[in-house]
Amino acid sequence: MEKLYKSLVGWLREKVYEANAKGAVFGLSGGIDSAVVGVLCKKAFEDDCLGLIMPCHSDPKDEEDALMVAEKFGIPYKKIILDEVFDKFAAILDKTENKKALANIKSRLRMITLYYYAALNNFLVVGTGNRSELTVGYFTKYGDGGVDLLPLGNLIKSQVRELARFLKIPKEIVDKPPTAGLWEGQTDESEMGLTYNQLDEYILTGKASREIEEKINAMIKSSEHKRILPLKPPF
Ligand SMILES: Nc1ncnc2c1ncn2[C@@H]1O[C@H](COP(=O)(O)OP(=O)(O)OC[C@H]2O[C@@H]([n+]3cccc(C(=O)O)c3)[C@H](O)[C@@H]2O)[C@@H](O)[C@H]1O
Ligand SMILES: Nc1ncnc2c1ncn2[C@@H]1O[C@H](COP(=O)(O)OP(=O)(O)OP(=O)(O)O)[C@@H](O)[C@H]1O
């Protein structure tokens, strides 16, 4: 784990300095992925990093957890409350029963905020997506998927957990059920209809029950567009 940690820190520095940038900005949600990214960025850039805590009708416990991470690891942070801007924005749009269409706005408002602070500070936006989420497209296109660098992009969720334990991320954050926090009661596993253990095992070994295999393959296929640049005509 120590070797992985050092390699990721070195890679972050290399990519940021290659871009003539001087540090990193990232969303600090109170979840495990962003806690790991926060610690990596702090190590890579010391105080040239910024964690944005961006509640948008979020569970207050997430904000507490994000603050706990920032304070424990000395990560510079700023809180930007997006509740009001979300409400005003939603109010000028057509009403919908489509919960996801509305919820994805939260993720995209965070993306806009991150790029604002990236430009102000000459930082790059560091995303928190991991290999498990990226494989099946479990992220909002141009929302939490709209980032410059993905240090966890080759790590399946169980490896992120292992790295988090090595980094001494508080146990309650490592152990809490992963959630995008876009609506009350949402959890990654219930929404995807499979567990990270099932997903990780399939990614690593290709092994899964027929039903799970079909489900994962369908998700991989239908999310292909999220992992490539927008299509243009081939002529
Ligand atoms: N074949 C295709 N070629 C090109 N573009 C295509 C397309 N199919 C859909 N699209 C476009 O993609 C859009 C759908 O994608 P998108 O807007 O992302 O929407 P969608 O994938 O439906 O929703 C995002 C998912 O990511 C989850 N999420 C979000 C944020 C964080 C996390 C987390 O793990 O923390 C998870 C969220 O809970 C939800 O399940 C369509 O509206 C359409 O514009
Ligand atoms: N309230 C928030 N404040 C700041 N950033 C947020 C917030 N909610 C989500 N984000 C950003 O969006 C990313 C995607 O959310 P996601 O839930 O996948 O990650 P996580 O919360 O770190 O970990 P987990 O998947 O284990 O819950 C977060 O890692 C974070 O960068």
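**Figure 1. Helices α2 and α7 lie oblique to each other.** In this predicted model, the axes of α2 (residues 32-45) and α7 (residues 157-166) come within 10 Å and cross at roughly 50 degrees. An angle of roughly 50 degrees is neither under 35 degrees, as for roughly parallel axes, nor within the range of 65 to 115 that counts as roughly perpendicular, so the pair is called oblique. The crossing of α2 past α7 is left-handed. On the α2 side, the contact is made by I32, D33, A35 and V36. On the α7 side, V160, R161, L163 and A164 take part. Sorted by class, the residues of this contact are six nonpolar and two charged, with no polar residue.

**Figure 2. A shell of 22 residues lies around ligand 2.** Which residues come nearest to ligand 2? They are G27, S29, G31, S34 and T128. Three elements give two or more residues each to this shell: strand β1 (23-27), helix α2 and strand β2 (49-53). Helix α2, shown in Figure 1 with its partner α7, gives the most to the shell around ligand 2, namely three residues. The shell holds nine nonpolar, eight polar and five charged residues.

**Figure 3. Ligand 1 is surrounded by 15 residues.** The closest of them are S107, T140, K141, A180 and H225. Two helices, α5 (99-121) and α9 (188-192), each supply at least two residues of this shell. Which element gives the most to the shell around ligand 1? Helix α5 does, with three residues. How do the residues around ligand 1 divide by class? Six are charged, five are polar and four are nonpolar.

**Figure 4. The whole protein, for orientation, has eleven helices and four strands.** The helices and strands named in the close-up views belong to this set; among them are α2 and α7, as well as β1 and β2. Along the principal axes, the C-alpha atoms fill a box of roughly 50 × 50 × 45 Å. What radius of gyration would a compact globule with 235 residues have? The expected value is near 18 Å, and the protein has 18 Å, which agrees.

Definitions and conventions. Residues are numbered from 1 along each chain as its sequence is written. Chains are lettered from A and ligands numbered from 1 in the order in which they are written. This is a predicted model: local features need pLDDT of at least 70, side-chain atom pairs count only at pLDDT 80 or more; totals for chains, interfaces and linings use all residues. Axes are lines fitted to C-alpha atoms, for helices over the stretch in contact, and angles run from 0 to 180 degrees between N-to-C directions. Angles under 35 degrees count as roughly parallel, over 145 as roughly antiparallel, 65 to 115 as roughly perpendicular and the rest as oblique. A crossing is left-handed if the near helix is turned anticlockwise from the far one by less than a right angle, and right-handed if clockwise. Two residues are in contact if their C-beta atoms, placed from the backbone, lie within 7 Å. Ala, Val, Leu, Ile, Met, Phe, Trp, Tyr, Cys and Pro count as nonpolar, Asp, Glu, Lys and Arg as charged, and the others, Gly among them, as polar. A residue is near a molecule or strand if its C-beta atom, placed from the backbone, lies within 6 Å of it. The radius of gyration is taken over C-alpha atoms; the globule rule is 2.2 Å times the number of residues to the power 0.38.
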